[in-house]
Every structure is written in structure tokens, then in C-alpha cells.
Amino acid sequence: AAQLGKKVAVIDYVEPSPRGTRWGLGGTCVNVGCIPKKLMHQAALLGGMIRDAPHYGWDVAQPVQHDWKKMAEAVQNHVKSLNWGHRVQLQERKVEYFNIKASFVNKHTICGVTKGGKETLLSAEHIVIATGGRPRYPTHIEGALEYGITSDDIFWLKDSPGKTTPQPLSDVALECAGFLTGLGLDTTVMMRSIPLRGFDQQMSSLVTEYMDSQGTRFLKRCTPSRVQKLPDGQLQVTWEDLTSGKKNMGTFDTVLWAIGRIPETRSLNLENAGINTDPNSQKILVNAQEATSVPHIYAIGDVAEGRPELTPTAVMAGKLLAQRLCGQSSNVMDYSNVPTTVFTPLEYGCVGLSEEEAMARHGEEHVEVYHAYYKPLEFTVTERDASQCYVKMVCLRKPPQLVLGLHFLGPNAGEVTQGFALGIKCGASYEQVMRTVGIHPTCAEEVTKLRISKRSGLDPTVTGC
Amino acid sequence: LSFHSSDDGASVQEMLSEITNQRTVPNIFVNKVHLGGCDRTFQAHQSGLLEKLLQEDSAYDYDLIVIGGGSGGLACAQEAAILGKKVLVLDFVVPSPQGTSWGLGGTCVNVGCVPKKLMHQAALLGQALNDSRKFGWEYSQQVKHNWETMTEAIQNHIGSLNWGHRLSLREKSVVYVNAYGEFVEHHKIKATNRKGQETCYTAAKFVIATGKRPRYLGIPGDKEYCITSDDLFSLPYCPGKTLVVGASYVALECAGFLSGLGLDVTVMVRSILLRGFDQEMAERVGSYMEQHGVKFLRKFIPVMVQQLEKGSPGKLKVVAKSTEGPETIEGEYNTVLLAIGRDSCTRKMGLDKIGVKINEKSGKIPVNDVEQTNVPYVYAVGDILEGKLELTPVAIQAGRLLSRRLFGGRLEKCDYLNVPTTVFTPLEYGCCGLSEEKAIQVHKKEHLEVYHTLFWPLEWTVAGRDNNTCYAKIICNKFDNYRVIGFHVLGPNAGEVTQGFAAAMKCGLTKQLLDDTIGIHPTCGEVFTTLEITKSSGLDVTQKGC
């Protein structure tokens with residue numbers, strides 16, 4: 001908007017987490033999301049590479065220890081450089097930045113309060129709400145708020161979290177559990193029902209299967225009831241095993257809640273402006289132009305109802321919105337076929353429909369699923385277990401067999417998936433993907449070699465070179 | 001069958017053109033094999049081929065003999081066997097001048113893609129060890145690399161692949177003979193095994209898939225003292241201080257991983273790097289290698305190699321001459337690795353006896369778009385094909401589709417358009433479609449828009465690695481909806497990044513579609529969904545932050 005000549009103000013404020021964690025400009029992605037998550041994931045992957053290295057001739061004495069403090073400091077320094085970078089960018093583009101906590105006074109007026117309590121009033125022709133979300137606490141569980149932490153805190157811990165139990169529903173939980181295990185920490189994941197809800201379930205179970213084989217412990221169908229602090233500082237967690245009905249207890253250094261996020265809307269005083277929210281999710285209701293129930297007030301990103309909670313979609317939605325508001329274009333955001341990747345120890349990249357969704361939408365007889373278990377070349381020399389390295393393409397059965405969804409589990413899944421997302425955007429058919437010659441040797445080429453369908457019942461294991 | 005007297009003459013002619021690449025008449029088939037037109041038939045009559053084709057009960061030993069058990073040959077053979085044909089595969093490795101030989105599977109498995117990528121991975125792991133300290137991993141600073149440990153592990157894996165191929169052939173009832181095949185007359189070859197024993201085989205159809213071998217310089221000392229990629233991957237001792245001669249991707253990939261393993265490496269280049277590839281990208285590849293310790297001697301060629309000391313490795317003296325003047329230089333190295341190109345293995349297999357035309361200069365075999373040579377029952381696939389890309393997946397695809405056409409009644413031809421590839425240098429380079437030079441040649445500069453950007457992989461930030469080095473560019477055709485006709489990426493995991501975009505290009509990728517697609521965050525690949533700056537704008541692509 002600033003580049004298009006508008007007078008713009010950005011208001012950003014981070015309410016400290018219950019543990020007291022706060023951070024600078026940039027939002028979730030930069031501070032407590034994608035960026036630190038991927039860096040810690042990388043740290044864990046490097047641990048794996050250190051273990052691989054001797055097989056390739058490097059003499060590194062095993063096992064190698066990990067220093068959390070050193071990693072945390074390096075990650076936090078990078079995040080801070082990004083905070084700084086954002087501030088500089090805003091300055092360069094002549095966007096005014098206010099570090100105040102905002103709420104609506106009326107449809108065109110915001111009241112902002114600084115950390116010190118000083119109030120400012122700002123008015124604007126257009127207002128965009130992009131306040132995102134924060135992790136949910138299971139406040140009904142005794143001790144959850146006092147003793148547990150969330151993703152808001154884990155990336156800012158100065159000391160190692162030690163023996164940890166992430167409580168998941170989401171990719172955040174599995175990603176955290178994944179890198180914690182990779183860094184050498186004793187990690188247990190407790191879940192009430194299925195992991196990665198909303199994702200393809202076959203792929204989700206392969207993800208957790210791999211994590212299990214790498215040392216992450218899973219307590220399935222368990223739900224915590226109480227967290228207590230012990231005299232020595234450790235935490236005692238009591239939970240119920242839903243299958244047996246029995247109660248169990250365990251001791252941990254850290255309990256990490258990753259049971260979902262709630263939109264940051266409660267303190268905005270949305271009713272003062274007449275902005276409607278969804279009664280279930282508390283998210284702000286928007287139309288295809290990202291407009292709320294009030295015509296000149298918009299909402300984008302995680303806070304908007306029905307939108308994928310991803311950085312790149314928020315970025316693009318924001319850009320397109322600015323262009324529309326400045327009369328530059330009338331393009332609206334296309335939220336279909338958004339690719340994403342879960343950065344678990346064995347990464348899962350996907351775009352398009354899950355197998356379940358495809359079956360539900362088109363009917364089983366009209367869907368063809370091609371799949372393969374493959375082994376990355378680099379795993380051979382190190383004798384790494386590749387049992388969960390798997391790729392499947394969900395297509396329409398009718399020729400030319402339009403590709404509905406692609407699911408890839410393996411190293412560098414994000415890199416593999418990005419280009420194919422483009423393919424799907426171009427309306428790729430199975431035949432076109434098969435006509436594409438593979439790049440050898442890579443993992444991605446396995447997508448172009450998918451020949452075995454699930455329907456055939458044949459063994460989908462790729463053999464040989 | 002006469003066109004003019006039948007109602008659907010036009011569609012018959014169309015179909016004939018499709019399956020034989022010939023529109024003219026007469027169009028002659030003998031015993032279901034397409035012979036050709038009038039000229040070819042007379043030629044066949046003169047050479048005795050027509051007589052052979054006309055024989056009623058030909059009773060050949062095999063339906064198909066494949067000469068060469070590499071990527072193309074094996075794919076072709078196995079597909080034919082799956083379609084119920086009786087197939088023989090002949091594979092034989094003539095030992096290199098240094099005495100190196102290997103098992104079934106061809107170049108890719110034994111002395112190409114597979115060991116190359118594994119050694120590249122070993123070098124990348126060395127880099128990862130360095131990075132890991134910044135991410136909190138603690139171990140002693142001095143980490144050494146043991147060449148023998150690595151080579152043994154790699155050779156073990158290759159051995160398992162050789163074995164896997166033999167098993168696979170056996171499972172499909174393909175007969176495999178480890179012998180050197182040569183044509184003696186039409187439809188008949190002579191196979192000579194290691195012991196010198198000769199056996200003859202006949203077949204209705206033949207596929208030549210003999211591939212290539214490294215070229216030597218033809219200077220004193222080259223065959224005696226130098227090694228090539230044939231020898232490097234199974235070298236029983238560490239090569240030490242190495243001179244790599246050449247600027248092909250083989251040369252740069254080898255120089256790259258040798259340097260990454262801690263060796264002192266120099267690359268001697270006659271003129272340009274990576275001939276045939278986008279030159280801007282080639283220079284960036286080279287520049288990264290130079291910044292990371294690989295020495296380059298540009299515009300020199302070796303004229304003599306002398307042995308100073310015997311050993312494993314020994315010590316060699318190399319004398320080189322400048323290509324621009326009288327200057328000569330000398331250097332001492334433990335190993336000299338020649339990577340100046342490869343020669344087709346087509347000159348010593350009796351092709352002249354049956355009249356198969358080859359390009360006399362390159363040794364490559366010209367084929368039509370169904371991989372058929374000028375002799376109707378002889379086909380060819382893989383590196384030896386004239387005008388086709390020398391890549392494993394291309395050979396496999398061509399071989400497989402060839403068998404399906406010959407024996408499965410299918411029509412699909414190999415699609416050689418927009419084949420992606422990746423050079424596995426220390427900083428990997430993936431590409432699909434046209435280089436910038438080629439694009440300008442084909443489309444004219446004014447018709448093109450080139451979008452580009454430098455980028456910094458997130459994992460490199462904390463590791464403190466080069467900023468403003470990784471680079472992405474696409475070349476678009478303004479006159480065709482800004483269609484992406486060239487895709488180039490220089491960065492980690494370039495192969496993984498490029499593959500999907502190649503599929504997208506096959507589906508007609510445009511700049512608009514790139515802009516409309518959401519990136520996966522944080523990855524390297526996502527930079528292609530946010531390309532804004534064009535070369536024509538002259539704007540700076542240096543990165544400042546997230």
C-alpha cells in the first residue's frame with residue numbers, strides 16, 4: 001500500500017505469553033513459527049548428518065552432544081536480525097510503525113495503548129486486521145497454564161527443555177517433537193485422537209511411524225488431566241488412557257501444549273465496529289475480497305475464517321488486497337491447491353486433495369491413486385531406514401487423469417513439492433507427469449515414475465536403480 | 001493397399017506417417033518390419049537384407065538382442081520381456097587403460113550418476129559437519145576424511161545394484177551374457193567373452209545401447225599415468241593433490257567433491273565451463289567453486305604428463321601450454337583426472353558389416369524419431385544417439401517406449417522436449433528448457449523477459465554461509481503469454497527443486513501461473529513464485545533480509 005502511494009500505519013503488539021515470552025516485529029512466522037521452527041529442524045537434521053558422516057568416511061567420534069543454548073542463541077539472533085530488517089523496510093517505505101496494543105473505538109478509529117499505559121488514537125479510511133492467533137491452553141486441566149509452555153516459548157528458551165511431552169493435534173506439535181528428539185532430548189507425544197487432523201491420514205500415520213522409529217514416544221488415545229510441579233522442579237503429568245480407562249503418571253522437565261491456536265480477536269473490541277466473528281472459531285468472517293461485515297474493514301491471515309493458516313497465503317492475500325484498495329487490480333486470492341509442507345524429521349509435502357477428500361468429492365470408482373515406496377540414494381550407504389519414504393498421486397480415473405493431489409514423504413519434501421504445485425496449477429494430468437523425464441538421481445524423480453496404482457494391488461516398492 | 005482407391009486414404013496416410021515417419025509411396029513392410037520407400041528397398045535387395053527379410057521361417061534365436069547392459073539397454077530389454085518376447089542382453093566392459101572394470105548396469109550405476117552423487121553427498125556432509133557447530137553440535141574441530149572407507153561403502157552399494165540388475169533380468173527370463181558383441185552379418189552377432197570364446201546369436205531385431213567411454217588427450221603419458229571417471233570411483237587409494245583436466249559437468253562435479261573431501265584440487269580449462277549450458281549459470285557455478293578453494297587454470301591444455309614417482313598415489317608432472325600464446329606452465333600432482341569428453345562405443349562392433357550409418361566424426365548414430373537406424377531392424381538408445389541428451393532417464397524412457405512400440409503395439413514416442421537436468425557441483429545447478437543464449441538465438445532478445453533473483457537459503461543464515469550467491473532465473477516468451485521456456489536454479493537440492501517445475505513446463509507454465517501459485521515457506525523453491533525483478537529493468541537483485 002505504501003509503495004502504491006498510500007499513507008500507512010502498522011500497529012504491532014505482542015502480549016507476553018503466560019510464561020512471559022515476547023518478541024519483536026514480524027509476527028508468528030518470523031518469531032515463533034516457520035523461521036525458528038525450520039532452523040531447529042535443520043539443527044536436528046544436522047545431527048542425523050553427523051551420524052551419517054562416518055559411513056561416508058568422515059571420522060567423527062560418536063555420539064556427539066548438542067548444546068541447546070548455543071543453538072537457541074544463534075536462532076534468536078537471526079530472528080532479531082529479521083525484526084530489525086522489517087523495521088528498516090517499513091522505514092524505507094515510509095510506513096509508520098506503532099508498537100501499541102490496539103482495539104476498536106468505532107468503525108474508523110483505533111485506540112492504542114503502549115506498554116507503559118499511554119494511549120493514542122488513530123483514524124483511517126481502511127483498516128486491515130491481521131492479528132493472527134496464539135496457542136491455546138487447555139485451561140480446564142489443572143496446572144496447564146502455570147507449568148506448561150507453548151510454541152510461543154520453546155523457540156525462546158535459553159536452556160534445554162529436557163525431557164519433554166508435546167501435546168499435539170497439529171503439525172506444530174509433531175514438528176517440535178521431531179526436532180527435540182533429533183537434538184537428543186527424551187520426547188513423548190500424547191494425543192487424544194488422530195495426528196495431523198485435516199491432512200491425508202495415510203501420510204500422517206507414516207509421519208508418526210517414522211518418528212516412532214527414530215525414538216519419539218507416542219502415547220495414543222491418552223488425555224492429560226493434571227500437571228503438578230514436584231519439589232525438584234520437574235513436572236508430574238497425570239493422564240487417562242482412553243483405551244484402557246486407566247490413569248497413568250509420568251515425570252517430565254517440560255510440558256509443551258500444541259493443541260491448536262485461537263485467533264487474536266478478544267481484546268480488539270470488534271463489537272465497537274460491528275465486525276462479525278464465527279461463533280465456533282472466534283475468527284473474523286470475511287468474503288472473497290477479504291472484507292468483513294463492515295465494508296472498509298478487512299481481515300487477512302490466520303485471524304480470518306476459512307483461510308489456510310500459512311505465511312505465504314497471508315502474504316499474497318495482503319499484497320492483492322493492497323492492490324485492490326489502491327485501484328491497481330481486481331484480482332482476488334485463489335486459495336485452492338495451496339501447497340504446504342510439514343517439517344517433521346521425515347518431511348511431508350502436499351498439494352491438492354488428500355485421498356479421503358478426493359474419494360469423498362468424486363467417489364472411489366472415479367479416483368485412481370498411484371503410489372510408490374522408494375529409497376533415497378543417500379540412505380543406501382548409511383543404511384538408513386527408508387520404510388516410510390513414500391509418494392502418492394491422487395488422480396481422476398478418466399483419461400487424461402487430472403492430478404487432484406500429490407503427497408510426498410521424504411527428505412527435502414518442500415523443495416520437491418513446490419514445482420509440482422505449479423504443475424497442478426497448470427492443470428497437469430497423470431499422462432503429462434509421466435511424460436516428464438526424471439532428474440537422476442533425486443527423490444523427486446520418483447513422482448515421474450509412478451506406475452503402480454493402489455487398485456492393482458501390486459507391490460509399490462521401487463527396486464534398483 | 002492403395003490410397004487412391006480407398007475412402008479413408010488420407011487417414012491411412014496420416015497413420016503411416018505417424019508409425020513410419022514416411023508420407024511417400026511406396027511404403028514397404030516385409031514380415032511386419034518397416035523397410036522404407038523405393039530407394040531403401042533397392043538398397044536392401046543389393047545388400048542381401050531383403051532376401052533375409054523375405055525368408056519364411058526365419059527362426060531367429062531371439063526376438064530381440066540388446067547390445068549394452070546400461071540404463072537404456074536394460075530398460076528396453078526388460079520391457080520387451082514383460083511383453084512376452086525372447087530377449088538376450090550382451091554386456092561387456094573393456095577394462096580402462098588403468099585396468100578398471102565393473103559389473104552389469106552401465107555407466108550410471110558403476111561409474112556415473114550413482115557413485116558421483118554418493119561422493120557428492122560425502123562432500124556435502126563435510127560441509128554439514130561445519131555448519132552443525134553453529135547449530136549447537138559439539139565435537140573436535142579437526143575432522144578428517146578417509147577415502148577408503150567411503151569408496152568401500154560406495155562400491156558395496158554398486159555391487160548390490162549389479163546384483164539387483166542380474167536378478168531382475170533373471171526374473172523376467174531375459175538371458176544375460178557377459179560378452180562383447182559385434183555384428184558379423186545381417187541379423188547375426190558374434191559374442192566374445194573374457195576368455196576369448198566366441199558364440200554367435202541371431203535375432204529379428206537389435207538395439208544398440210553401448211554408451212560411451214572417457215576420451216584421452218592423445219599426449220605423451222596420458223593413458224599410462226592419468227585416470228578418468230572410469231577409475232576414480234573405485235580408486236583404492238586417496239587421489240591426493242589432483243589436477244582435473246576439462247570443464248564438462250563430469251570435470252566440475254569431480255573437482256567439486258574432491259575439494260569438499262579436503263583435497264587440493266586444480267581444474268585446467270581450455271576455454272569455457274559447461275559447454276552447452278547457460279553460460280551465466282556456468283560461471284556462477286565455477287565462481288562458487290573458486291571461492292571455496294578450487295583452483296582454476298583457464299585457457300591451458302596439457303601437452304605432457306610425466307611420472308616423477310611411483311606410488312598410490314604417485315607423483316606426476318604436467319606440462320601445459322596456453323591456448324592464447326607461447327606460455328607454458330608446469331605443475332606437480334598426485335593424480336591427473338581427465339574429463340574432457342566421452343567417445344561413443346560404436347566403432348568396433350561391425351556396424352559397417354551391416355551398413356549401419358554412424359557419424360564418422362563423433363561416432364554417434366543418427367536415428368529417426370522412433371530410434372530406428374538406417375537399417376530397419378536395428379535401433380539405438382542412450383548416449384550414442386546423435387542429437388539426443390546424454391542422460392540416464394532419457395535412455396530409460398526411450399528404451400522402454402521403444403520396446404512398447406516394437407512389441408506392444410503402442411505408438412508413443414519419447415518426448416525429448418524440455419528434459420530437466422542437474423549438475424551436482426558443490427553448489428548444485430538445476431535447469432530445464434533453454435539457456436539464455438539459446439533462447440535469444442531462437443526467439444530474439446526483444447521477445448524475451450528474464451526474471452531473476454539472488455536468494456539466501458534459511459539454513460545458510462545461522463550457518464553463516466554465503467549470502468547473495470544462490471540464484472534463480474526464468475526466461476519467458478513475451479509473445480506466448482510469458483510462457484516459461486527456460487528455468488535455472490543455483491542452490492542446495494537443485495535437482496529436487498527443478499523436477500516439479502519441469503512437469504509444470506510440460507503443462508505450459510507461464511509467469512502468471514507462477515505468480516498465482518503460493519510458495520511453500522520456508523524453502524528455496526518458493527523464490528520462483530515471487531520473482532519480480534527483470535534483467536531488462538536493471539534493478540539490483542541483492543538480498544537484504546527476509
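Here is a friendly exchange about salt bridges in a predicted model.

Modeller: In this predicted model, local features need pLDDT of at least 70, side-chain atom pairs count only at pLDDT 80 or more, and totals for chains, interfaces and linings use all residues. Residues are numbered from 1 along each chain as its sequence is written, chains are lettered from A, and side-chain values use heavy atoms, with hydrogens and water left out.

Colleague: Why is the pair A:D186 and A:R217 called a salt bridge?

Modeller: The term asks for a side-chain nitrogen of Lys or Arg within 4 Å of a carboxyl oxygen of Asp or Glu. The closest N and O atoms of A:D186 and A:R217 are 2.5 Å apart, so the pair fits that rule.

Colleague: How many salt bridges does the rule give over all chains?

Modeller: The count comes to 46.

Colleague: What makes B:K473 buried or exposed?

Modeller: Buried means under 20% relative accessible area, exposed over 50%, and partly exposed in between (1.4 Å probe, protein chains only). B:K473 has 0%, so B:K473 is buried. B:E280, its salt-bridge partner at 2.5 Å, N to O, has 24% and is therefore partly exposed.

Colleague: How do you know that B:R483 and B:D480 form a salt bridge?

Modeller: Their closest N and O atoms are 2.9 Å apart, and the cut-off is 4 Å, so the pair counts. B:R483 is partly exposed at 23%, and B:D480 is partly exposed at 32%.

Colleague: Which residues do salt bridges with shared partners join into one network?

Modeller: B:D278, B:E280, B:R284, B:E436, B:K473 and B:K535.
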